[in-house]
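Biologist: I should be grateful for a close look at one part of this structure, namely how neighbouring helices pack against each other. Please set that part within the whole chain and follow a few individual residues as well.

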Amino acid sequence: MQPTHGLTIQDDPSQRSALVSTTPEAASRFAEAVAIMARLRGSDGCPWDREQSFDSIRKYTLEETYEVLDAIERRDWANLTEELGDLLLQVLFYAQMAADEGRFTISDVLDTLNRKLIRRHPHVFGEEASAAAGNQASVDAEVSGSAAKVLANWEEIKLAEKQKTANGPGSLLDAVQRSQPALSEAAKLGSKAAKVGFDWSDWRDLLAKVEEETAELVEAADAPAAGTERQREIESELGDLLFTVINLGRHLGVDGEMALRGTNARFRRRFGWMERTAGRPLAELEPAALEALWSRAKVDENATGAGE
């Protein structure tokens with residue numbers, strides 16, 4: 001095991017016994033996974049994997065994160081094993097793409113993580129090791145088993161890190177974390193900007209904005225150009241439309257995430273009703289018949305109160 005800035009797990013006898021049986025096996029399998037990912041992206045690897053970019057696999061990272069959360073909430077530990085592997089694959093994928101472009105490697109990712117863990121846990125690894133890993137905050141390493149004190153130290157060290165890397169004056173929007181669902185981020189960005197008067201005066205004004213953004217999306221989709229440039233333009237215009245709709249909800253006092261979850265649940269119920277009622281596979285029905293079934297599903301839901 002390589003030393004990590006003057007400290008290794010092997011230096012701590014209290015931790016060595018817990019890891020001695022698993023660390024070599026885990027390290028070997030991790031190295032194998034890194035090698036597999038490199039092979040997939042190599043010249044003799046998988047065409048699909050070679051074509052991917054940071055932008056193209058972002059959506060899969062989000063999907064895998066939600067699948068991990070779903071497995072935890074269902075307490076499906078066997079499935080969680082698989083889902084954590086899928087999430088780890090995303091990390092390996094990004095690191096390999098970065099290595100291919102000469103930006104950084106998976107070793108750099110792990111080194112950054114190790115430094116952060118040591119830096120933010122002076123009560124575990126010692127103040128000297130924490131400082132060697134980059135900690136510039138003055139905190140009390142004696143936490144006496146208090147999780148609250150650990151959290152307070154963590155935030156102090158994290159704040160010192162941000163102040164060290166900050167470039168120029170901050171923005172009002174810096175308070176809105178990017179590490180959250182995009183729907184929630186959009187609403188919070190709109191709300192924060194509204195504090196300085198940058199907002200629509202009335203929710204009805206947003207209806208006109210929705211029409212404007214819809215027209216721009218249609219224009220982008222109808223453009224004769226093809227390829228990634230056209231796709232980026234469509235994605236941009238669709239994002240503008242979604243941002244506007246989410247802020248319409250904010251003006252109306254509706255949380256966009258909850259509204260969409262409700263719609264998703266209704267779609268599941270109504271589609272399930274269609275499958276049960278059709279009498280034959282939905283794939284065999286014409287569009288008009290499918291639309292008629294959908295309308296009946298909505299009527300049945302309203303009549304039975306299934307959506308309440």
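Modeller: The account below begins with the whole chain and then turns to pairs of helices and to single residues.

The model is a predicted one. The protein chain has 14 helices and zero strands, and from the N terminus on its elements run α-α-α-α-α-α-α-α-α-α-α-α-α-α. Of the 308 residues in the chain, 24% are buried. The chain exposes about 20800 Å², and carbon and sulfur atoms supply 56% of that area. When contacts between residues at least 6 apart in sequence are considered, 49% of them join residues at least 24 apart.

Let us take helix 4 and helix 5 as a pair. Helix 4 covers residues 58-73 and helix 5 covers residues 77-100. Their axes come within 9 Å and cross at roughly 155°. An angle over 145 degrees counts as roughly antiparallel, and therefore helix 4 is roughly antiparallel to helix 5. The crossing of these two helices is left-handed. On the side of helix 4, the residues that meet helix 5 are Arg58, Tyr60, Thr61, Glu64, Thr65, Glu67, Val68, Ala71 and Ile72. Their partners in helix 5 are Asn79, Leu80, Glu83, Leu84, Asp86, Leu87, Gln90 and Tyr94. By class, the contact of helix 4 with helix 5 comprises eight nonpolar, four polar and five charged residues.

The loop between helix 4 and helix 5 contains Arg75. Arg75 is not a glycine, and yet its phi is positive, at about 55°. Arg75 is also exposed, since its relative accessible area is 53% and the cut-off for exposed residues is over 50%.

A residue of another loop offers a contrasting case. Gln52 is found between helix 3, which covers residues 47-51, and helix 4. Is Gln52 buried or exposed? Its relative accessible area is 12%, and residues under 20% count as buried, so Gln52 is buried. Leaving aside its neighbours within four places in sequence, Gln52 is in contact with Arg41, Ile57, Phe93 and Met97. Gln52 and Met97 are 45 residues apart in sequence, while their C-alpha atoms are 8.5 Å apart in space.

The next pair is helix 11, residues 203-222, and helix 12, residues 228-251. These helices pack at an angle of about 165°, with their axes 9 Å apart. That angle makes helix 11 roughly antiparallel to helix 12, and the crossing of the two is left-handed. The residues of helix 11 that make the contact are Trp203, Leu206, Leu207, Lys209, Val210, Glu213, Thr214, Glu216, Leu217, Ala220 and Ala221. Helix 12 contributes Arg230, Glu233, Ile234, Glu237, Leu238, Asp240, Leu241, Thr244, Val245, Asn247, Leu248 and His251. The contact of helix 11 with helix 12 has 12 nonpolar, four polar and seven charged residues.

Helix 12 also holds Phe243. This residue is partly exposed, with a relative accessible area of 33%. Not counting residues up to four places away in sequence, Phe243 touches Ala186 and Leu189. Phe243 and Leu183 are 60 residues apart in sequence and 7.8 Å apart in space, C-alpha to C-alpha.

Helix 13, residues 256-277, and helix 14, residues 287-304, form the last pair considered here. Their axes come within 9 Å and cross at roughly 115°, and helix 13 passes helix 14 in a right-handed crossing. In helix 13 the residues involved are Arg266, Phe267, Arg269, Arg270, Phe271, Trp273, Met274 and Thr277. They meet Leu290, Leu293, Trp294, Arg296, Ala297, Lys298, Asp300 and Glu301 in helix 14. This contact of helix 13 with helix 14 divides into eight nonpolar, one polar and seven charged residues.

Leu293, in helix 14, shows one position in more detail. Its relative accessible area is 7%, and Leu293 is therefore buried. Beyond its neighbours within four places in sequence, Leu293 is in contact with Trp273, Met274, Thr277, Ala278, Leu282 and Leu285. Among them, Leu282 is 11 residues away from Leu293 in sequence and 9.8 Å away in space, C-alpha to C-alpha.

Methods
Residues are numbered from 1 along each chain as its sequence is written. This is a predicted model: local features need pLDDT of at least 70, side-chain atom pairs count only at pLDDT 80 or more; totals for chains, interfaces and linings use all residues. Side-chain values use heavy atoms; hydrogens and water are left out. Axes are lines fitted to C-alpha atoms, for helices over the stretch in contact, and angles run from 0 to 180 degrees between N-to-C directions. Helices (H or I, at least four residues) and strands (E, at least two) are DSSP runs, numbered from the N terminus. Angles under 35 degrees count as roughly parallel, over 145 as roughly antiparallel, 65 to 115 as roughly perpendicular and the rest as oblique. A crossing is left-handed if the near helix is turned anticlockwise from the far one by less than a right angle, and right-handed if clockwise. Contact means heavy atoms within 4.5 Å. Ala, Val, Leu, Ile, Met, Phe, Trp, Tyr, Cys and Pro count as nonpolar, Asp, Glu, Lys and Arg as charged, and the others, Gly among them, as polar. Buried means under 20% relative accessible area, exposed over 50%, partly exposed in between (1.4 Å probe, protein chains only). Accessible areas come from the Shrake-Rupley method with a 1.4 Å probe; for residues, only the protein chains shown count as cover.
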